[in-house]
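Visitor: I am new to this structure and would like a close look at a single part of it, set slowly into its surroundings. Please start from one residue and work outwards from there.

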Amino acid sequence: MGEVRFQVKMYVSLLKMTMKGILEYRADFWMSLVSVALLNGANIVQISVISWRFHALGNWGVGDLLTLYGMFMICWSIFSIFFRKLSKIEDEIVSGSFDIYLLRPVSPFLQLVGGDINYVGVCDTMLGAALVAVGLYMAEAQWGIGHILWFAVFILSGGTIVVCIRFLISCVTFWTTRGSALSSVFTQIYLLIQKYPVTIFGRAFRVLVTGIVPVAYLNFYPAVYLLGKPDAPAWLCMLSPVVALVLACLSAIVWKGGLRHYHSCGG
Amino acid sequence: MISVKKLTKTYRIAQPQEGRFAALRSLVRPQYAIRRAVDGIDFDIQDGEAVGYIGQNGAGKSTTIKMLSGILTPDSGSIEVNGLTPHIERKAHLQNIGVVFGQKTSLWWDVPVIDSLRILKEMYRIEDGRFKRNLEMFCGLLDLEPFLGQPVRQLSLGQRVRADLAAALMHDPHVLFLDEPTIGVDVVAKERLREFILKINQERKVTVLLTTHDVVDMEKLVDRVIVINAGSILYDGRLQGLRERYGRERRMELAFEGEPPEISLPGVQAKKQKDGKVTVTFAQGQYAVDEILFHIRQGGVSIRDITIQNADIEQIVRDIYQEGGKA
């Protein structure tokens with residue numbers, strides 16, 4: 001237990017160092033803040049455009065689709081704010097930073113993750129939350145306390161899932177020099193899943209995004225459950241935390257194997 | 001105490017493939033080139049020793065250091081550092097060692113040096129008193145004070161290495177691994193680094209293993225060297241012994257008043273240079289310098305200038321590198 005506390009404390013300290021590093025470039029930081037404000041303005045415009053542009057798809061109304069899109073954005077932003085470095089393991093290895101992580105008595109995973117904080121990503125979280133709110137309102141969803149709890153579970157699980165998938169793709173670097181091919185396949189899949197309910201695609205795609213690269217758990221299954229859609233059985237939606245847990249365990253195993261297999265950058 | 005037995009590390013280097021779907025194929029059926037970076041080496045280092053680990057680029061020095069510090073997992077063989085196996089008991093092991101790579105910093109690039117030292121204090125769980133004592137000591141010995149508040153990216157190379165050395169020693173490790181600590185540093189800064197390393201080794205009894213290409217580093221800092229070539233150990237012993245074993249050849253350069261004479265002594269080679277000087281090469285121990293000079297002067301020529309090239313380590317190392325250890 002003491003060890004866990006220590007590691008969490010170190011993660012916070014590392015994030016502080018990272019923030020401090022960002023603040024060292026003061027002008028840069030203020031520019032970013034200004035751009036965040038501008039982005040937020042643009043986001044409001046974006047929401048109206050999105051809701052105006054979205055058309056009903058089969059039994060999915062505009063409100064449903066906005067919820068779908070919003071859920072995706074929130075989950076994705078969890079990755080992009082805190083875990084972006086996980087998709088850059090290759091760069092860390094090539095630059096030699098990874099060697100340095102292995103020289104300090106703190107989890108190399110936390111050092112990797114703690115080395116970056118993408119505060120601009122908060123924009124996406126806010127936009128996503130706004131989209132979900134507008135979407136639920138438009139869809140006239142009936143919400144109880146259970147729905148709110150499940151919403152939280154879906155976000156946490158979805159966040160975990162996206163982080164794990166990006167992480168696993170990045171871990172390929174430990175074994176081969178090229179991870180980019182897999183990464184672009186993944187990008188293609190999530191671009192599809194972002195805006196459209198999975199049911200409009202064929203069965204094979206549904207199996208792919210449910211069981212193999214379970215990105216449907218970022219937005220589709222949560223939306224189905226929260227909006228009471230008939231597209232999938234409730235139990236399948238409620239598997240979300242289980243899927244997240246399985247992926248997290250798989251990630252931990254792959255990470256351990258990767259470290260053992262790690263062969264630095266020569267020299 | 002460091003004990004290394006039959007240590008081997010092979011790199012499988014994924015070969016980039018060409019043609020259609022190259023990226024995909026390299027994932028599914030990667031092709032590898034195999035390179036033995038370290039090929040069954042053995043050595044022991046006693047507590048408090050200072051050992052130079054030398055060899056050409058790519059000889060396996062850094063790979064060894066990385067295995068000793070727990071970054072890399074060996075293919076086979078065993079390593080023990082103070083009774084711990086680095087890649088298995090990683091965290092405990094790291095409390096015992098300090099590592100400095102001359103080529104890259106282990107400090108946080110964008111924040112002041114002191115902040116890096118403070119977060120290391122947390123990471124290594126260094127008590128306040130000890131941290132303060134060490135900080136004061138290193139500030140004094142390495143003159144860190146003037147740039148303690150500056151971000152690492154603004155430091156000169158010499159300052160950066162000094163800061164890195166302090167960072168590697170804050171937690172009082174018993175063993176210090178230095179991978180080319182003086183590379184690229186100017187002469188004055190080098191001298192200061194050497195003094196510091198020597199002091200740490202002699203006064204604090206820290207075991208030092210250092211890789212370097214700098215001969216002066218070796219002469220000033222270590223009394224034992226391990227020479228590695230193509231993954232195998234060529235020589236392990238006193239620096240002086242290296243000189244005796246490999247430094248068999250001596251060389252001197254002579255400039256004459258007027259025409260250079262013929263030198264005919266058995267075992268002595270004389271080669272005329274373009275500028276009129278003559279390079280004389282002879283085996284160590286066969287002649288004394290005086291004998292050769294006497295022989296030349298008997299011919300009635302007067303010598304204007306003599307440069308005697310010592311059988312210096314630099315020459316020896318160069319010979320070893322060039323011959324790949326056939327000597």
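Guide: B:Ala230 sits in the loop that links strand S8 (224–229) with strand S9 (232–238) of chain B, and, like everything else described here, it belongs to a predicted model. Its relative accessible area is 53%, and since a residue counts as exposed when that value is over 50%, B:Ala230 is classed as exposed. Although B:Ala230 and B:Asn57 stand 173 residues apart in sequence, their C-alpha atoms are 9.5 Å apart in space.

The chain around this loop has 11 helices and 13 strands, and its C-alpha trace spans about 75 × 60 × 40 Å along the principal axes. Of the 327 residues of chain B, 52% count as buried. If one takes the contacts in chain B with a separation of 6 or more, residues 24 or more positions apart account for 69% of them.

From chain B we can step across to its partner. The contact between the two chains takes 40 residues from chain B and 41 residues from chain A. The size of an interface is often given as the accessible area lost when the parts come together. For chain B and chain A that area is about 3,500 Å², and carbon and sulfur atoms give 60% of it. Four salt bridges are found across the interface, and in one of them the side chains of A:Lys20 and B:Asp115 meet, with 3.0 Å from N to O. Nine residue pairs are also found in polar contact across the interface of chain B and chain A, where both residues have a pLDDT of 80 or more. On the side of chain B that touches chain A, the elements giving two or more residues are strand S1 (2–15), helix H1 (22–28), helix H2 (61–68), helix H3 (90–96), strand S5 (97–101) and helix H4 (113–123) of chain B. Helix H4 of chain B gives the largest share, six residues. Sorted by kind, the residues on this side of chain B divide into 19 nonpolar, 10 polar and 11 charged.

One residue of chain A shows the meeting of the two chains in detail. A:Gln111 lies in helix H6 (residues 108–113) of chain A, and its relative accessibility of 2% is under the 20% limit, so it counts as buried. Once neighbours within four places in sequence are left aside, A:Gln111 is in contact with A:Leu14, A:Ile100, A:Tyr101, A:Arg104 and A:Val106 in its own chain, and with B:Met123 from the other chain.

Chain A itself has 13 helices and zero strands. Its radius of gyration is 20 Å, close to the 18 Å that the globule rule gives for 267 residues, so chain A is as compact as a globular protein of that length. Its C-alpha atoms fill a box of roughly 60 × 45 × 40 Å along the principal axes, and buried residues make up 51% of the chain. Among the contacts in chain A between residues at least 6 apart in sequence, 76% join residues at least 24 apart.

Within chain A, helix H11 (residues 220–227) deserves a pause, for seven of its eight residues are buried and the helix is mostly covered. The buried ones are A:Phe220, A:Tyr221, A:Pro222, A:Ala223, A:Val224, A:Leu226 and A:Leu227. They pack against helix H3 (62–82), H7, H8, helix H10 (203–212) and helix H12 (234–238) of chain A. The residue that follows helix H11 of chain A is A:Gly228, whose phi is positive, near 65 degrees.

Two residues of that helix lead on to a loop, since A:Ala141 touches A:Leu226 and A:Leu227 as well as A:Leu136, not counting residues up to four places away in sequence. A:Ala141 is placed in the loop between helix H7 (122–138) and helix H8 (145–171) of chain A. With a relative accessible area of 25%, A:Ala141 is partly exposed, whereas B:Ala230, in the loop where we began, is exposed. The C-alpha atoms of A:Ala141 and A:Ile117 are separated by 35 Å, although the two residues are 24 apart along the chain.

Definitions and conventions
Residues are numbered from 1 along each chain as its sequence is written. Chains are lettered from A and ligands numbered from 1 in the order in which they are written. This is a predicted model: local features need pLDDT of at least 70, side-chain atom pairs count only at pLDDT 80 or more; totals for chains, interfaces and linings use all residues. Side-chain values use heavy atoms; hydrogens and water are left out. Contact means heavy atoms within 4.5 Å. Buried area is the accessible area (1.4 Å probe) that two parts lose on being put together, summed over both. A polar contact is a pair of N or O atoms within 3.5 Å; within protein, one must be able to donate a hydrogen and the other to accept it, and residues adjacent in sequence count only if both atoms are side-chain atoms. Helices (H or I, at least four residues) and strands (E, at least two) are DSSP runs, numbered from the N terminus. Ala, Val, Leu, Ile, Met, Phe, Trp, Tyr, Cys and Pro count as nonpolar, Asp, Glu, Lys and Arg as charged, and the others, Gly among them, as polar. The radius of gyration is taken over C-alpha atoms; the globule rule is 2.2 Å times the number of residues to the power 0.38. Buried means under 20% relative accessible area, exposed over 50%, partly exposed in between (1.4 Å probe, protein chains only).
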